[in-house]
Amino acid sequence: MGSNDLKYEVSQNAYIKLVLHSLKHPTSAVNGVLIGRISSSNDTVEITDAVPLFHSQIPLLPQLEISLILIEEYFSTKGLNIVGYFHANERSDDFELGGVAKNIGDHICRYFPQAAILLLDNKKLEALKKSKSSSAIMQGCI
Amino acid sequence: MVTKTEESELKNLEIQVDNGGGGAWEYLSLVRKLKVRRSDKVLKHGLSILNDSKLRSKLGADEWTLYEQVAVAAMDCQCLDVAQDCTKALRKRFSESKRVGRLKAMLLEAKGSWEKAEKAYSSLLEDNPLDQIIHKRRVAMAKAQGNISGAIEWLNKYLEIFMADHDAWRELAEIYSSLQMYKQAAFCYEEVILAQPTVPLYHLAYADVLYTLGGLENVQTAKKYYASTIDLTGGKNTRALFGICLCTSAIAQLAKGKNKEDKEGSQLQSLAAKALERDYKQRAPDKLPQLTTALKSLTLSS
């Protein structure tokens with residue numbers, strides 16, 4: 001929770017991957033990690049990629065540990081780190097960050113203090129079909 | 001839970017029907033038998049049969065089963081008018097039936113009229129207190145409304161009567177896990193494993209929960225269950241292999257102060273690591289370097 005205002009940029013690649021992942025599993029909660037870096041001027045966090053994680057068995061620890069280790073390994077060779085966490089709830093009107101999501105977010109924050117959490121707004125996702133709004137369908141929380 | 005052969009048969013039929021190759025009725029019957037959730041495909045192909053009067057008359061008495069299947073699929077896809085039409089047709093034919101009454105209540109549930117649906121289900125249960133499907137619908141309704149504690153209460157009551165329903169135990173375990181009540185989730189998985197000891201998926205899930213609970217004994221038991229999963233799947237389950245590596249390093253960390261020599265444990269870990277490397281070489285050779293560094297970091301930390 002920094003006192004200076006940090007900007008967050010989400011690349012199209014990352015955004016689309018996350019939305020497609022949630023659409024592929026409409027009946028369960030999904031989550032994923034956001035990959036990126038801090039820009040050189042130290043005021044923007046660029047989220048350049050995303051890795052979808054699970055669509056079942058979300059709250060269980062072993063898979064999370066292994067996936068975080070492997071992801072960290074893979075992306076550190078490219079100079080990127082884990083900068084955030086993405087979550088989409090099971091029910092269409094559940095717009096709260098559940099206990100599990102908060103815990104995972106806190107854990108990521110320990111390694112990257114400016115990490116952000118993106119929560120999918122299911123109602124806006126549904127509205128996308130009918131309208132062509134370009135507003136973000138996710139809510140960011142830090 | 002579907003086996004791999006059934007899953008591939010289902011997929012083949014799905015592709016065949018999607019590309020206009022016929023066989024829609026076989027596909028729908030297989031979906032019904034396996035109880036999988038393919039509501040959009042069921043709706044599409046079911047409606048194509050029902051709207052064609054020639055195909056419909058060929059079905060004979062099975063026509064009504066198809067109406068029921070399409071009605072439920074339509075409710076899942078939120079096509080409530082289709083669901084209503086199907087239910088009307090069934091009501092005309094079977095006006096006094098409990099199954100149709102259940103469909104009507106499900107329609108109310110799909111529309112979101114929770115209290116009316118609740119009343120309908122309660123009255124159906126009064127006439128028929130042992131109807132499993134209605135009990136489960138009540139649990140599902142509580143879950144859909146966000147009333148998780150209510151869902152847990154109903155599910156526990158249901159399991160007191162129908163203790164052998166392992167799907168219900170599994171659902172309860174998943175609900176407990178999502179609330180991070182891992183001890184209760186472990187208990188549910190134990191029930192499931194007792195009922196079906198040869199299904200590796202449950203061993204795996206139980207081991208996951210035990211590892212998440214933490215503590216030396218739990219992690220040691222988790223290792224045993226990962227090992228049994230590997231045994232049951234012939235060494236092909238990647239998650240279980242990873243689980244063994246994680247468990248061994250966790251045990252070594254936890255047992256540091258207790259001065260225990262666990263030679264057999266490290267042998268198990270190196271075997272698991274070798275199996276993982278072989279698997280990755282076959283299926284994803286470009287990810288192999290990440291795997292080796294990750295495994296090394298796990299053994300280093302132990």
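**A walk through two chains**

Hello everyone, let me begin with a single residue: Glu171(B) counts as partly exposed, at 30% relative accessibility. In the words I will use today, buried means under 20% relative accessible area, exposed means over 50%, and partly exposed lies in between, with a 1.4 Å probe and protein chains only.

A word on the ground rules. This is a predicted model, in which local features need pLDDT of at least 70 and side-chain atom pairs count only at pLDDT 80 or more, while totals for chains, interfaces and linings use all residues. Residues are numbered from 1 along each chain as its sequence is written, chains are lettered from A and ligands numbered from 1 in the order in which they are written, and side-chain values use heavy atoms, with hydrogens and water left out.

Back to Glu171(B). Which residue does Glu171(B) form a salt bridge with? The partner is Lys143(B), and the closest N and O atoms are 2.8 Å apart. Lys143(B) sits in helix α9 of chain B and Glu171(B) in helix α11 of chain B, so to speak two distant parts of the chain, 28 residues apart, are linked by the pair. By salt bridge I mean a side-chain nitrogen of Lys or Arg within 4 Å of a carboxyl oxygen of Asp or Glu. Helices (H or I, at least four residues) and strands (E, at least two) are DSSP runs, numbered from the N terminus.

Helix α9 has another such link. The side chains of Lys136(B) and Asp165(B) meet in a salt bridge, 3.0 Å from N to O. Lys136(B) is in helix α9 of chain B, whereas Asp165(B) lies in the loop between α10 (148-161) and α11 (166-178) of chain B, so the pair ties together parts that are 29 residues apart in sequence. Are these two buried or exposed? Asp165(B) is buried, at 13% relative accessibility, and Lys136(B) is partly exposed, at 35%. Not counting residues up to four places away in sequence, Lys136(B) touches Tyr158(B) and Asp165(B); contact here means heavy atoms within 4.5 Å. Tyr158(B) is 22 residues from Lys136(B) along the chain, with 7.9 Å between their C-alpha atoms.

Now look at how α9 packs. Helix α7 (residues 98-111) of chain B meets helix α9 (residues 132-144) of chain B at an angle of about 5 degrees, with the axes 12 Å apart. That makes α7(B) roughly parallel to α9(B). The axes are lines fitted to C-alpha atoms, for helices over the stretch in contact, and angles run from 0 to 180 degrees between N-to-C directions. Angles under 35 degrees count as roughly parallel, over 145 as roughly antiparallel, 65 to 115 as roughly perpendicular and the rest as oblique. On the α7(B) side the contact is made by Arg102(B), Met106(B) and Glu109(B), and on the α9(B) side by Ile133(B), Ile134(B), Arg137(B), Ala140(B) and Met141(B).

Let us move along chain B to Tyr27(B), in helix α2 (residues 24-34). Tyr27(B) is buried, with a relative accessible area of 0%. Leaving aside neighbours within four places in sequence, the contacts of Tyr27(B) include Glu14(B), Arg38(B) and Lys41(B). Those residues appear again, as Glu14(B), Arg38(B) and Lys41(B) are linked in a network of salt bridges.

Over all chains, the structure holds 15 salt bridges. One of them in chain A joins Lys17(A) and Asp49(A), with the closest N and O atoms 2.8 Å apart. Lys17(A) is in helix α1 (residues 12-24) and Asp49(A) in strand β3 (residues 44-54), 32 residues apart. Asp49(A) is buried, at 16%, while Lys17(A) is partly exposed, at 34%.

Staying in chain A, why is strand β5 (residues 116-120) largely enclosed by the rest of the structure? Because five of the five residues of β5(A) are buried. Ala116(A), Leu118(A) and Leu120(A) lie on one side and Ile117(A) and Leu119(A) on the other. Strand β4 (residues 81-88) of chain A runs parallel to β5(A), joined by four bridges; two strands pair if DSSP finds at least two bridges between them. Tyr85(A) has Ile117(A) as its bridge partner in β5(A).

I will finish with the backbone. Most residues other than glycine have a negative phi. Gln78(B), in the loop between α5 (62-76) and α6 (80-93) of chain B, has a positive phi near 65 degrees. Gln78(B) is exposed, at 53% relative accessibility. Gln180(B) also has a positive phi, about 65 degrees, and is partly exposed at 30%.
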